[in-house]
Amino acid sequence: MSEFQSTATNQDQLKGTVVAVQANFYRVLLDNKNQNFLIPENFKSDYLLCTRRTRLKKIGQKVIVGDRVIIEEPDWLDGRGAISQVLSRSTELKRPPIANADIILLVFALEEPSLDTWQLSRFLIKAESTQLKICLCLNKCDLITYQQQQQWQERLSNWGYNPVFVSAVQNQGIETLKEYLQGKIGILAGPSGVGKSSLINKLIPAAQLRVGKVSGKLQRGRHTTRHVELFNIPGGGLLADSPGFNQPDLDHEPTDLALYFPEARRQMSLGNCQFKNCSHRDEPNCVVRGDWERYEYYRVFLEKTISYKKQQQNVPDTESSVKLKVKKSGKSQYEPRLASKKYRRSSRREKHQNLQELYGEINIQEIYEEAE
Ligand code: GDP
Ligand code: ZN
């Protein structure tokens, strides 16, 4: 360690956020340039292309998109540096690998395609299961009347959400979204055709994503070749682009489902059901069962969750007691699976999978190789 480094205070350290990972290189967005005297004035870029210090490799410290890092020995002429330290993560999602994400920007269209409350609920359940903050963004508000908008506002507020009405084509609500994302790491999610690319282009003009010209298989093609990347929103905040979408699976524990409905959470915060393991169906003295609009949705999604779980347990036969582990060498072997407790909270891995579905069809293998 040089003399300079040993006497350096925290403020002297060059910090940034990893916005993209490619092979062994990390693109790092430097913290507020103007306040950091370490950055020479004639350095025009906001980014440094960094490698990872061998010491980090040795201790097995991975660097993923979203990581806050300390950079040593910047070479301002070449725009290079070396990551010497990864600051502790506030959140960590494995699929896609994103550190420090704060918020999911869930985008749906009000019309074209018209808002399907069942599909929306399915996405909301998935988003809730990640335990990140959710910003529900309803796009194409130019296609409905003010009165219709008021009706949606009221309905969704009864669900426990405060939607932001936006129109990407008419530039409405964009500033509000920017406020939500200010200083945050956001992840954009939602079905295709709702205007996600259009919104990204409004939020981040430099992104210039193609709008509405791709569909079906082509769209997948567009996304599978892409890496997870955080776009810098002018004025503050980072946003991960989301690829196309699958109908999210209901692969959480059935007993967790109620936690993913704000309406049910509210009821449960006011009192307890008589039975600790209440499924909130027909049990006596249940505090969740009630006349809230989506109680019916809860019932239907609970049945679907249970049958999904049964289906998963049945195929293949070995799934229930052992799991297939594929080793790096390519060989595979069966390992005993931990007994699944009935009321177990969903594991971290499950949460990661949840995000993966919400996020869409990314080439996981590619990302894992990167993250390694
Ligand atoms: P994505 O598949 O979610 O990325 O959606 P796109 O951004 O590709 O948009 C799909 C279609 O919706 C395109 O034809 C857009 O022009 C249109 N669109 C996007 N935002 C709006 C909006 O705010 N209002 C209206 N009327 N159309 C929009
Ligand atoms: Zn109950």
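1. Let us begin with a pair of helices. Helix α3 and helix α9 (residues 295-314) pack at an angle of about 65 degrees, and their axes lie 11 Å apart. Keep in mind as you read that this is a predicted model. The two helices, α3 and α9, are therefore roughly perpendicular to each other, since angles of 65 to 115 degrees count as roughly perpendicular. The crossing in which α3 passes α9 is right-handed. On the α3 side the contact is made by T117, W118, S121, R122 and I125, and on the α9 side by E296, Y297, V300, F301 and K304. Sorted by character, the residues where α3 meets α9 are five nonpolar, two polar and three charged.

2. Now for a second partner of the same helix. Helix α3 (residues 117-129) also packs with helix α4 (residues 146-159), here at an angle of about 40 degrees and with the axes 13 Å apart. How are α3 and α4 oriented to each other? They are oblique, because their angle falls outside the ranges for roughly parallel (under 35 degrees), roughly perpendicular (65 to 115) and roughly antiparallel (over 145). The crossing of α3 and α4 is right-handed. From α3 the contact uses T117, L120, S121 and L124, while α4 supplies W152, R155, L156 and W159. This α3 and α4 contact divides into five nonpolar residues, two polar and one charged. Try finding T117 and S121 on your screen: both are listed in the contact with α4, and both are listed in the contact with α9.

3. Next, the barrel. Five strands close into a barrel that runs β1-β2-β3-β5-β4, and the pairing is mixed. From one strand to the next the twist averages 50 degrees. Strand β1 pairs with β2 (residues 25-30) in the antiparallel sense over six bridges. Its pairing with β4 (residues 68-75) is also antiparallel, over four bridges. In that pairing L14 has I71 as its bridge partner, and G16 stands opposite V69.

4. Strand β1 deserves a closer look. Is β1 largely enclosed by the rest of the structure or left open? It is largely enclosed, because seven of its nine residues are buried. At the hairpin joining β1 and β2 there are two residues between the strands, and A23 takes a positive phi near 50 degrees.

5. One residue of β1 makes a good worked example. T17 sits in strand β1 (residues 14-22) and stands opposite L29 in β2. Is T17 buried or exposed? With a relative accessible area of 8%, T17 is buried, because the cut-off for buried is under 20%. Setting aside neighbours within four places in sequence, T17 is in contact with R27, V28, L29, D31, G66, D67, R68, I185 and L238.

6. A loop residue is worth comparing. V63 lies in the loop between α2 (54-58) and β4. With a relative accessible area of 1%, V63 is buried. Apart from neighbours within four places in sequence, its contacts are V18, V21, Y26, R52, V69, I83, V86 and R89. V63 and P97 are 34 residues apart along the chain, and their C-alpha atoms are separated by 9.6 Å.

7. Finally, the open sheet. Six strands form it in the order β10-β9-β8-β11-β13-β12, with mixed pairing. Which strands stand at the edges? They are β10 (164-165) and β12 (230-232); each has a single partner strand, so one side of each is left without a neighbour in the sheet. Elsewhere in this sheet, β8 (residues 103-109) and β9 (residues 133-139) pair in the parallel sense over seven bridges. Within that pairing, F108 stands opposite L138. Helix α6 (residues 196-203) packs on the sheet, where it touches β8, β9, β11 (185-189) and β13 (238-240). The direction of α6 makes about 150 degrees with that of β11.

Technical notes
Residues are numbered from 1 along each chain as its sequence is written. Chains are lettered from A and ligands numbered from 1 in the order in which they are written. This is a predicted model: local features need pLDDT of at least 70, side-chain atom pairs count only at pLDDT 80 or more; totals for chains, interfaces and linings use all residues. Side-chain values use heavy atoms; hydrogens and water are left out. Buried means under 20% relative accessible area, exposed over 50%, partly exposed in between (1.4 Å probe, protein chains only). Contact means heavy atoms within 4.5 Å. Axes are lines fitted to C-alpha atoms, for helices over the stretch in contact, and angles run from 0 to 180 degrees between N-to-C directions. A crossing is left-handed if the near helix is turned anticlockwise from the far one by less than a right angle, and right-handed if clockwise. Ala, Val, Leu, Ile, Met, Phe, Trp, Tyr, Cys and Pro count as nonpolar, Asp, Glu, Lys and Arg as charged, and the others, Gly among them, as polar. Two strands pair if DSSP finds at least two bridges between them.
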